[in-house]
Amino acid sequence: MNPLDDIVLSPAPVLSEECAPVEEIDDEIRALAKRMLRDMYAADGCGLAAPQVGVARQVVVIDVEWSGRGSRKNPYVLINPRVITADGPERITGEGCLSFPGVTVEVERPSHVVVQALNLDGDLMQYEASGNLLAVCLQHEIDHLHGVTMMDHLSASARVRAMAEYQDALNAGARPGDVEVEEG
Ligand code: NI
């Protein structure tokens, strides 16, 4: 099976669900994290949330250092992540999402974020990021656990435009990880 086929695309209902916290980090959760990392790397993504593989649990994987085959991997697995602080000047970044292939949208978010989460060993970890890809990625992925996608951050008119662009990209055969679809 192609790992890209494992990734759930909008408008799957699971992408709008509130995900359940993980009660116990068992083999099922470890297997889920492994599967999510496989899919994320296959799609050259920098983050993936469990609902994006159809599982409504509070698990996120992130690797902001990965830049394609052959580069160094530095994966984070965040279980039950909580945003402790989100502040600093708002910053606009072009975001993509593996569940919306072929689309990039301009999203405004706080530039500084502090997140706490369990790792796979059950240790409570704290992540702090400011003005960089990790700051954006943490917020984007944690949003997914609460049924929120990047599209929900757009104005109504921008969302209509972005969803039309997404539909066109899908019709043109866009796959998870495609940033834009080649003409023709
Ligand atoms: Ni996403």
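This briefing covers the metal site, the salt bridges, the aromatic pairs and one helix of the structure. The model is a predicted one. A nickel ion is held by the protein donors Cys97, His140 and His144, eight salt bridges are counted, and two aromatic pairs are present.

**Nickel site**

- The protein donors of the nickel ion are the SG atom of Cys97 and the NE2 atoms of His140 and His144, at 2.1 to 2.3 Å from the ion.
- Along the chain these donors follow the spacing C-x42-H-x3-H, and the pair of Cys97, in the loop between β3 (76-95) and β4, and His144, in helix α2, links distant parts of the chain that are 47 residues apart.
- Cys97 counts as buried at 9% relative accessibility, and His144 is likewise buried, with a relative accessible area of 0%.

**Salt bridges**

- Among the eight salt bridges is that of Arg175 with Asp5, whose closest N and O atoms are 3.0 Å apart; this pair links distant parts of the chain, since Arg175 lies in the segment after α3 (156-171) and Asp5 in the segment before α1 (27-42), 170 residues apart.
- Both partners of that bridge are partly exposed, Arg175 at 30% relative accessibility and Asp5 with a relative accessible area of 48%.
- Asp143 and Arg109 meet through their side chains in a salt bridge of 3.0 Å, N to O; because Asp143 belongs to helix α2 (residues 133-144) and Arg109 to strand β4 (residues 105-118), the pair ties together parts that are 34 residues apart in sequence.
- In this bridge both Asp143 and Arg109 are buried.
- A salt bridge of 2.9 Å, N to O, joins the side chains of Asp39 and Arg38, of which Asp39 counts as buried at 0% relative accessibility, whereas Arg38 counts as partly exposed at 40%.
- Asp39 and Arg38 also belong, together with Asp6 and Arg35, to a network of linked salt bridges.

**Aromatic pairs**

- Of the two aromatic pairs in the structure, that of Tyr76 and Tyr127 is tilted, with 5.1 Å from centre to centre and 40° between the planes.
- Tyr76 lies in strand β3 and Tyr127 in strand β5 (residues 124-130), so this pair ties together parts 51 residues apart in sequence; Tyr76 counts as partly exposed at 23% relative accessibility, while Tyr127 counts as buried at 10%.
- Phe100 and Tyr166 form an edge-to-face pair, with 5.1 Å from centre to centre and 65° between the planes, and they link distant parts of the chain, Phe100 being in the loop between β3 and β4 and Tyr166 in helix α3, 66 residues apart.
- Both rings of the edge-to-face pair belong to buried residues, Phe100 at 3% relative accessibility and Tyr166 at 2%.

**Helix α3**

- The 16 residues of α3 should span 22 Å at 1.5 Å a residue, and the 23 Å between its end C-alpha atoms agrees with this.
- Ala158, Ala162, Tyr166 and Ala169 are buried in α3, and because the buried residues fall within an arc of 70° when seen down the helix axis, they line one face of the helix.
- The face turned away from the buried side of α3 carries the exposed residues Ala156, Val160, Arg161, Asp168 and Asn171, whereas β4 is included in what covers the buried residues.
- After α3 comes Gly173, which has a positive phi near 90°.

Technical notes:
Residues numbered from 1 in each chain as written. Predicted model: local features only at pLDDT ≥ 70, side-chain atom pairs only at ≥ 80, totals over all residues. Heavy atoms only, no water. Salt bridge = Lys/Arg side-chain N within 4 Å of Asp/Glu carboxyl O. Helix = DSSP H or I, 4+ residues; strand = E, 2+ residues; numbered from the N terminus. Buried < 20%, exposed > 50% of the residue type's maximum accessible area, 1.4 Å probe, protein only. Expected span 1.5 Å × (residues − 1). Arc of directions from axis to C-beta. Contact = heavy atoms within 4.5 Å. Donors = N, O, S within 2.8 Å, 3.2 Å for Na, K, Ca; no water. Phe/Tyr/Trp six-rings, centres within 6.5 Å; stacked < 30°, edge-to-face > 60°.
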